[in-house]
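Got your viewer open? Let's take a tour, one selection at a time.

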Amino acid sequence: MFAGQLGVSRLETKFWGYRRPNDRAGIRNYVAVIPSVCCAAWTAARIAASVEGAVLINNNTGCDETDADLEQTIRTLAGVGRNPNVAATLVIGLGCEVLSSLKLREEIEKEGKPVSHLIIQKEGGTAKTIQKGVTIVQQMVEKASEIVREPFDLAHLVLGTQCGGSDATSGLAANPALGVASDKLVGLGGGSIIAETPELIGAEHWLTRRAVSKEVADRIDFIVKRYEARLKAIGEDFVGKQPCPGNIEGGLTTIEEKSLGCVSKVGSAPVQGVLEYGEIPKGKGVYVMDTPGSDIESDTALLAGGCQLICFTTGCGTPVGTPIAPVIKITGNPLTYENMKDDTDINAGTIITGQEDVKDVGERIFQEIVAVASGKRTKAEIHKCHEFCVNRLELSY
Amino acid sequence: MARFILNHENDNVVTALVPMEAGETFRLKNGGPYEITIKEYIPFAHKCAIRNIRGGEKVIKYGESIGVATCDIEPGQHVHVHNLQSVRGTIGGK
C-alpha cells in the first residue's frame, strides 16, 4: 500500500513531534511527576503544580496490594514514564511502600530519557521533598523546552481508541467513522489499540477472524473468557444483563450488536496481537489490550501502552482527558454535540442527519488526529481534565 | 435526509435514523430490488428488516450475525427483542 492508493497527499503523512530515544516521537512534551505510592501523591501534586510543563500522574496504588496487582501497577506507571509524550520523569516515593520508587525509576530509565527520584522519608518530610522536587522538575522542564518539534511519519503514531457514555448513535456513526480513521492510520504504518474487554463480548469473532495467527485468535478468546469467568466467580452475570434497559430502549437488541458497534471503532485492519493491561506493543498495527470497560482505567492502560493520543467516542458526552495524552472527543449524537460543545471535538452526528457519510467523518477524524499530533489542543486538554486511575485486579490489604 | 442506515451490503436489516411510520416506503440502492414498505412503527435507531428472514435464520448487521430470528420476519417489520435472540448471550451462561 502506498499513499497514492490511500488517496493521501504527502502533507497528510507527517506530523510535527518531539524526538525521543529508540526512534519514538512524542506529540506533547511533559515532565511527569509520578508518586510510586498513593501516600506520596499530594507531595507529588504540589511539585507538579509549582512548575509549568509538569503534570501529576495521580497514582492511587503502590502498596497493600497482591503480587499480581503490584506487577500491573509497576508496568502501568513505568509505561506512563516511558510514553513518548513524556520528556522526563521525577518519581516520588514515601520510603516504606512495597512498590520501590527506585525500581520504578529503573524501569522508566530503560527508555533512555532523564529520570530522577526522591524519597519523602529520606528527604525529611513533605516540605523538603517539595523544595528539592521543584528544583529538579524545573531543570527538567528547561531542558525539555529546548527540544524543537520536527517532522515524523505518521507511522510513529499509536492511537488509543475508547468509547464511553455510549448510546444508539455510537455504533451507527461515531465508532464506524473512527474505524475509518484507524484503518487509514494503520495503513500508513501507525498503531491502533482497542481495549475494554467486556465490550468485546459477542464480537470476538470479528476480531479473531482478522487475527494474524491462530495464537493471537486464541488469546483474544482467552482474555474475553477470563473476564467473564472472573465476573461470574463474584456472582456478576454481566452477559445476562447486556444489553442493559437503556441500550434496549435505544435500539440495541443483543450483546453481539452492541459489541459489534463498539468494535467497529478499530476498523478492519488485521489484529497483530493481544496485550495485558498497560503492556507496550512490540510492533505497529491493531492490538487488543485487556482492560476493564471503565473509561478512566482503560485510558490509563492505553497511556502506559504508549498511545500518544486517544480517540474517545461518546453518545452522551463526557469531559474526561488524561494527564499526558490528548483525548479527541467524538460524538455521533447531534444533540449531544450541541449540548456539550465545549467538551466535544468532532461532531459525527452529521452522519445521523445525513449531511455526511461515515467515510467523510472518518476523514475528518483522521485530519484531526494529524492536527492534534502536531500540537492542536483538544477540548479536554484546554479544560485541564487529567483523569487517571490504575485498575485493581484483587482486594487491597 | 437519509432515514435509515445500511451498515454493510450483506445486512438483512437497516437501522432507522428517524422514527418511521407504518406505510412509509424507502428505497435501497444496493443489493436490489428494492422498495420496502414499513409495516409497523420503527423508533429512532431501531432496526427494520429489508429481506425475508426465516425463524432460526441469522440476522445480519455490520456484515455479521447479531443473533437469530425467533420467528419469520418480513421486510418492513421491526426487528428487536420480540423476534431476535442473542446466540452469544445464551451461550454466555456456560
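A salt bridge here is a side-chain nitrogen of Lys or Arg within 4 Å of a carboxyl oxygen of Asp or Glu. Keep that in mind for the first stop. Before you click, note that this is a predicted model: local features need pLDDT of at least 70, side-chain atom pairs count only at pLDDT 80 or more, and totals for chains, interfaces and linings use all residues. Residues are numbered from 1 along each chain as its sequence is written, chains are lettered from A and ligands numbered from 1 in the order in which they are written, and side-chain values use heavy atoms, with hydrogens and water left out.

**Stop 1: where the chains meet**

Select Arg209(A) and Glu64(B). Their side chains form a salt bridge, 2.7 Å from N to O. The rule finds three salt bridges across the interface of chain A and chain B. It also finds 14 residue pairs in polar contact there, both residues at pLDDT 80 or more. (A polar contact is a pair of N or O atoms within 3.5 Å; within protein, one must be able to donate a hydrogen and the other to accept it, and residues adjacent in sequence count only if both atoms are side-chain atoms.)

Which helices of chain A should you color to see its side of the interface? Go for H7 (168–187), H8 (204–208), H9 (214–233), H10 (245–249) and H11 (255–263), since each supplies at least two residues of the side that touches chain B. Helices (H or I, at least four residues) and strands (E, at least two) are DSSP runs, numbered from the N terminus. The largest share, five residues, comes from H11(A). By class, chain A's side has twelve nonpolar, eleven polar and eight charged residues. For that tally, Ala, Val, Leu, Ile, Met, Phe, Trp, Tyr, Cys and Pro count as nonpolar, Asp, Glu, Lys and Arg as charged, and the others, Gly among them, as polar.

Now show the whole patch: the contact takes 31 residues from chain A and 28 residues from chain B. Contact means heavy atoms within 4.5 Å. Together the two chains bury about 2200 Å², 57% of it on carbon and sulfur atoms. Buried area is the accessible area (1.4 Å probe) that two parts lose on being put together, summed over both.

**Stop 2: chain B by itself**

Hide chain A for a moment. Chain B has one helix and nine strands, and from the N terminus on they run β-β-β-β-β-β-β-β-β-α. Of its 94 residues, 44% count as buried. Buried means under 20% relative accessible area, exposed over 50%, and partly exposed in between (1.4 Å probe, protein chains only).

**Stop 3: helix H3 of chain A**

Bring chain A back and select residues 67–82. This is helix H3, with 16 residues, and it reaches 22 Å from its first C-alpha to its last, close to the 22 Å expected at 1.5 Å a residue. (The expected span is 1.5 Å times one less than the number of residues.) Its buried residues pack against strand E3 (30–35), strand E5 (86–93), helix H4 (101–109) and helix H12 (295–304) of chain A.

Zoom in on Thr76(A), which sits in H3. Is Thr76(A) buried or exposed? With 0% relative accessibility, it counts as buried. Leaving aside neighbours within four places in sequence, Thr76(A) is in contact with Tyr277(A), Thr300(A), Ala304(A) and Val390(A).

**Stop 4: more salt bridges**

Over all chains, the rule counts 25 salt bridges. Select Arg105(A) and Glu109(A): their closest N and O atoms are 3.1 Å apart. Both lie in helix H4 of chain A, four residues apart, about one turn of the helix. Glu109(A) is partly exposed, with 34% relative accessible area.

Next, select Lys265(A) and Glu196(A), another salt bridge, at 3.7 Å between the closest N and O atoms. This pair links distant parts of the chain, 69 residues apart: Lys265(A) is in the loop between H11 and strand E10 (271–275), and Glu196(A) is in the loop between strand E9 (191–194) and H8. Both are buried. Then add Arg219(A), Arg226(A), Glu276(A) and Asp290(A), which salt bridges with shared partners join into one network.

**Last stop: a loop**

Finish at Asn22(A), in the loop between strand E1 (14–20) and strand E2 (24–26) of chain A. Asn22(A) has a positive phi of about 65° although it is not a glycine, and at 54% relative accessibility it counts as exposed. Select Asp23(A) too: it lies in the loop between E1 and E2, with a positive phi of about 55°, again without being a glycine.
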